[in-house]
Each structure stands twice: as C-alpha cells, then as structure tokens.
Amino acid sequence: MNLRVKQKIPLKIKRMGINGEGIGFYKRTLVFVPGALKGEDIFCQITRVKANFAQGRLLVINKKSKFRIKPQCPIYEECGGCQIMHLRYDKQLEFKEDLLRQALKKFKPQGYEAYDIRPTIGMNEPKYYRAKLQFQTRRIGGVTKAGLFQEGSHRLVDIKDCLVQDELTQKIVNYACQLLDKYSIPIYDERRSAGIRTIMVRKAQATKQVQLIFVTSKAVNLAPVINELTADFSEIKTVAVNFNASKSSSIYGDRTEILWGTDTIAEEVLGYSFSLSPRAFYQLNPTQTQVLYSQALKALDAHENDELIDAYCGVGTIGFAFAEKVKSVRGMDIIPEAIADAKENARHMGFDKTHYETGKAEDIIPKWYKEGYRATALIVDPPRTGLDNKLLEVINRYQPEKMVYVSCNVSTLARDLVKLTRSYDVVYIQSVDMFPHTARTEAVVKLIKRQKDLS
C-alpha cells in the first residue's frame with residue numbers, strides 16, 4: 001500500500017458506500033471518504049490505513065456533484081445521526097436502491113442478477129418524521145444536555161432542534177433537561193456519578209399521545225419533574241422508569257416500572273388501532289409505516305385459508321393487517337411486554353384467530369409443528385442483525401408456501417437470502433425510505449416456495 005496516515009491525496013469518487021461515504025481508488029487502493037458524493041473530484045487527508053483499504057477526511061471539493069445541496073441542519077456534520085443530507089432527496093432514493101444492489105452483489109444469493117428491484121418509495125415531506133427519540137444525557141458545565149454521541153466517540157452532541165425528529169418529542173426532551181437541572185436530579189457519568197443516562201420520548205401519530213422512559217442507573221426522585229412535565233404537556237399519558245446499572249452499551253435494563261399515567265398509548269396503522277407499552281417496538285416513522293405495511297400486505301397476497309406466522313411480531317402490528325384475511329395468525333417475540341400488548345390488542349380488536357407466545361421463533365415454530373400446526377405463509381421483520389441461523393434452518397426445513405421478509409439492513413438481508421433461496425424464489429424487492437437523510441433503508445421482499453423440478 002502506497003498510503004500513510006496524514007497524507008493528502010486527490011481522489012475521484014466512483015460510487016457511494018453502505019454508510020453513505022464516497023468511495024474512490026488511489027493507485028488501486030480503496031479509499032472511503034465521508035461527505036464525498038459520487039462523481040466528485042476531491043482532495044482528502046488519509047486518517048486510517050488498513051490492509052486493503054484506507055479512510056480519509058474531506059478537505060476540498062475540486063469538482064462538485066450537481067446533486068450536492070446545503071444541509072438544512074446546523075449540526076449535521078457534528079451530529080452524525082444523518083449521513084446523506086447533503087445529497088438531493090430524489091438522488092437519496094436512487095442511492096438506497098443501489099445499496100440493495102451492492103449488498104446482493106457482495107453476497108450473491110441465487111439468481112440475484114435477475115431480481116426485480118423496484119424504485120425506492122420516498123416521502124413527500126422528509127422532515128420531522130421520527131416519532132421516537134432515545135437521547136443520552138450528560139451534565140456538561142453544570143447543565144444537563146441530551147443528544148447523541150458523535151460517531152466513534154463518547155462526546156455528546158447536544159441536540160435542541162433536530163430536523164428529522166418529531167417537534168413535540170423534541171420540545172418535551174428539551175424541557176425535561178431543564179427540569180432535571182431545576183430539581184438537581186443526578187445525571188449519569190461513566191467515571192464517577194450515577195443517575196439518569198437516557199431519555200426516551202415516543203409519540204403516537206394518530207392520537208398524539210406521548211410516553212416517556214427515564215433510564216437510570218440508580219433510583220432517583222422524579223416526582224417533581226413528572227408533575228411539571230405532565231402539567232405543561234397534556235399529550236403525555238405515560239411516564240416510566242427503566243433501571244440499567246450495567247457498564248455495557250445497552251440502552252435498557254431488564255426492569256421497567258410505570259411511574260405515572262397509563263400502561264400504554266394508542267396508535268393506528270392501516271385503519272386499526274393498537275396499544276404500545278413503553279418498551280414495545282414500533283417503527284420510528286409512522287407515515288412511512290403505512291406504506292411499508294401496505295407493501296407487506298400486497299407482497300404476501302394472503303388468502304382465507306392461509307395459516308400465517310408473524311415472526312418478530314412485536315405488539316402484533318404487521319400480523320393484524322392480515323387477521324381478517326387469513327384462517328389464523330400466530331406470532332412470537334422475545335420481549336414479554338410486547339407479547340402482552342399483542343394479546344391485549346388482538347382481544348380489543350375482536351380477533352379470535354390469533355395466538356402469541358414469548359420466545360424465539362427458532363424455538364417456538366418447531367414446537368408448534370410438533371403439536372400439528374402447519375403454516376402456509378410467513379412474515380419476518382427482524383432487527384438489523386437479520387435472521388438467526390437456526391431460524392433460517394427452521395424456515396428451510398418447514399418451507400411455508402409464501403414468505404415476506406421485511407428488512408431494515410440490506411447487508412443482513414442479502415446474507416440471509418443466500419440460505420433462503422435454497423428453498424424460495426425472490427419475486428421482487430421493494431425498497432421503502434423509512435429513514436430520509438440517512439444511509440439506511442427498509443425493504444420488503446416477496447418470496448415464494450420453489451417448485452420441485454419433476455422432469
């Protein structure tokens with residue numbers, strides 16, 4: 001390798017990588033430069049050299065992309081929560097389609113060259129779309145700050161007006177920080193002090209109801225903070241505390257208690273309503289969730305005799321979209337509170353052909369099959385880590401006739417398709433932009449069981 005740290009080089013950006021960075025070649029060495037766009041000629045300084053690639057810091061743009069725009073967020077470069085706000089939005093959508101193609105080319109699932117990859121469905125107004133925030137808290141110079149850690153560091157970026165965060169949730173977290181100072185509530189510090197370490201605020205788009213979680217490493221008296229918050233924001237319906245005394249990077253601990261208000265808030269999607277407890281998973285972008293679930297509904301093409309498994313079911317939201325169209329819906333999730341919500345939501349909506357259990361899909365599905373159950377359809381919506389290897393083995397063993405994979409990580413999706421395409425054909429992949437201005441996208445994959453060749 002002909003590069004060294006601090007060396008300054010010219011570079012032509014050939015494409016963009018999975019984290020939104022520009023990629024070029026310097027004497028056959030791959031160089032990654034955050035902030036650079038495809039087609040640009042730049043001057044950068046090498047910050048890191050590895051065996052087969054290098055990383056650089058953008059210094060000068062000698063030839064700008066015609067699709068480069070000025071980010072509207074004043075802390076865009078400092079925060080790092082968004083990666084491609086400097087790229088025109090229509091080109092962001094094209095980039096996300098290309099992300100899928102890059103991942104497929106890397107992992108090479110069977111027949112990937114011929115996959116029908118459909119244009120990314122974007123937002124009409126890609127601002128203030130995040131209905132949930134999880135901000136870390138630290139007391140800096142005697143003042144409580146809430147925000148995100150700068151990438152690769154433990155330096156907290158104070159966020160007061162996020163361009164992609166719901167405006168009400170932002171106002172509430174700002175005020176919560178003021179009250180934590182007013183009442184001298186202890187704030188967590190890695191080195192010496194214990195107290196509040198994270199604040200979660202979530203708003204239901206349909207009802208405008210809000211819930212909060214204060215994550216703390218020790219018991220603190222939040223009563224005066226709660227009194228003022230709930231007096232000033234009538235939208236707040238739930239305030240909870242979660243206890244996490246670990247030194248790990250995990251946001252939540254195992255124990256959550258409701259301190260004030262109701263156990264859940266009400267949300268709606270595709271015309272049905274459901275309840276969300278504080279720890280239960282739900283999509284961050286309610287507007288695009290309507291689009292995503294509509295695409296999942298379309299892709300599965302469910303019929304009245306279908307027996308459907310909704311793996312990673314959460315509070316049951318995707319499965320409920322099928323509940324009146326199929327013979328039965330069964331779901332599982334590892335979070336007990338989510339399963340409790342799913343059962344209550346099904347009861348509330350009058351769905352009597354649903355069944356939910358707490359546990360891992362790879363354990364529960366074989367148990368159901370031993371009991372005589374047979375699924376004809378499967379929908380999976382896993383976390384960013386993708387499907388567990390044991391679950392992939394279970395799917396290939398039992399092979400429901402049709403399947404929909406809802407993915408939030410194109411890399412783990414492409415990896416999992418390598419094993420799934422042993423039994424299934426990919427009909428199409430529909431990308432949905434759930435996270436504008438970031439290098440992440442969501443995808444809905446329609447799969448059907450491959451017919452055996454009897455010739």
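This passage describes the annotated sites, one helix, the salt bridges and one pocket of a predicted model.

The model is predicted, so local features were considered only at pLDDT of at least 70 and side-chain atom pairs only at pLDDT 80 or more, while totals for chains, interfaces and linings use all residues. Residues are numbered from 1 along each chain as its sequence is written, and side-chain values rest on heavy atoms, with hydrogens and water left out.

In the UniProt record, an unreviewed entry, the feature "active site" is placed at C408. UniProt positions are given here in the numbering of the model, with feature names shortened, and such annotations may be inferred rather than shown by experiment. C408 is located in the loop between β20 (402-407) and α10 (410-420); helices (H or I, at least four residues) and strands (E, at least two) are DSSP runs numbered from the N terminus. With a relative accessible area of 12%, C408 is buried, where buried means under 20% relative accessible area, exposed over 50%, and partly exposed in between (1.4 Å probe, protein chains only). Contacts are defined by heavy atoms within 4.5 Å. When residues up to four places away in sequence are not counted, C408 touches P382, P383 and R384, as well as R440, T441 and E442.

The same kind of record, again an unreviewed entry, lists Q283, Y312, D333 and D381 under "binding site". Y312 is found in the loop between β16 (307-311) and α6 (317-320) and, at 24% relative accessibility, is partly exposed. Residues up to four places away in sequence aside, the contacts of Y312 include M332, V380, P382, P383, G386, L387, D388 and L391, together with the listed residues D333 and D381. D381 lies in the loop between β19 (377-380) and α9 (389-398). Its relative accessible area is 13%, so D381 is classed as buried. Apart from neighbours within four places in sequence, D381 is in contact with Q283, A311, Y312, I318, V406 and E442. E442 is thus among the residues touched by C408 and among those touched by D381.

Helix α4 (residues 223-232) has V225, I226, E228, L229 and T230 as its buried residues. These buried residues pack against α3 (167-182) and against the strands β11 (210-216), β12 (236-243) and β13 (255-261). Within α4, L229 is buried at a relative accessible area of 1%. L229 touches I172, Y175, A176, L179, L212, F214 and I236, not counting residues up to four places away in sequence. The C-alpha atoms of L229 and R57 are separated by 43 Å, the two residues being 172 residues apart along the chain.

A salt bridge was assigned where a side-chain nitrogen of Lys or Arg lies within 4 Å of a carboxyl oxygen of Asp or Glu. By this rule there are 24 salt bridges. One of them joins D433 and K96, with the closest N and O atoms 2.6 Å apart. This pair links distant parts of the chain, 337 residues apart: D433 is in the loop between β21 (424-432) and β22 (442-449), and K96 is in helix α2. D433 is buried, with a relative accessible area of 0%, and K96 also counts as buried at 0%.

Two further pairs have partners that are partly exposed. In the salt bridge between R118 and D116, the closest N and O atoms are 3.1 Å apart; R118 has a relative accessibility of 25% and is partly exposed, as is D116 at 32%. R255 pairs with E257 at a closest N and O separation of 2.4 Å, with R255 partly exposed at 44% and E257 partly exposed at 34%. In addition, K145, D158 and K160 are linked in a network of salt bridges.

Pockets were identified on a 1 Å grid over the protein atoms alone: a pocket is an open set of points where a 1.4 Å probe fits, with protein on both sides within 12 Å along at least five of seven lines, and lining residues have an atom within 4 Å of a point. Grid points are joined across faces, edges and corners, and a volume is the space filled by probe spheres set on the points. The second largest pocket holds about 350 Å³ of space. Its lining consists of 14 residues, with R15, I18, Q102, A103 and K106 nearest the centre of the pocket. Helix α2 (residues 89-107) supplies the largest share of this lining, six residues. By residue class, the lining divides into six charged, four polar and four nonpolar residues. Here Ala, Val, Leu, Ile, Met, Phe, Trp, Tyr, Cys and Pro count as nonpolar, Asp, Glu, Lys and Arg as charged, and the others, Gly among them, as polar.
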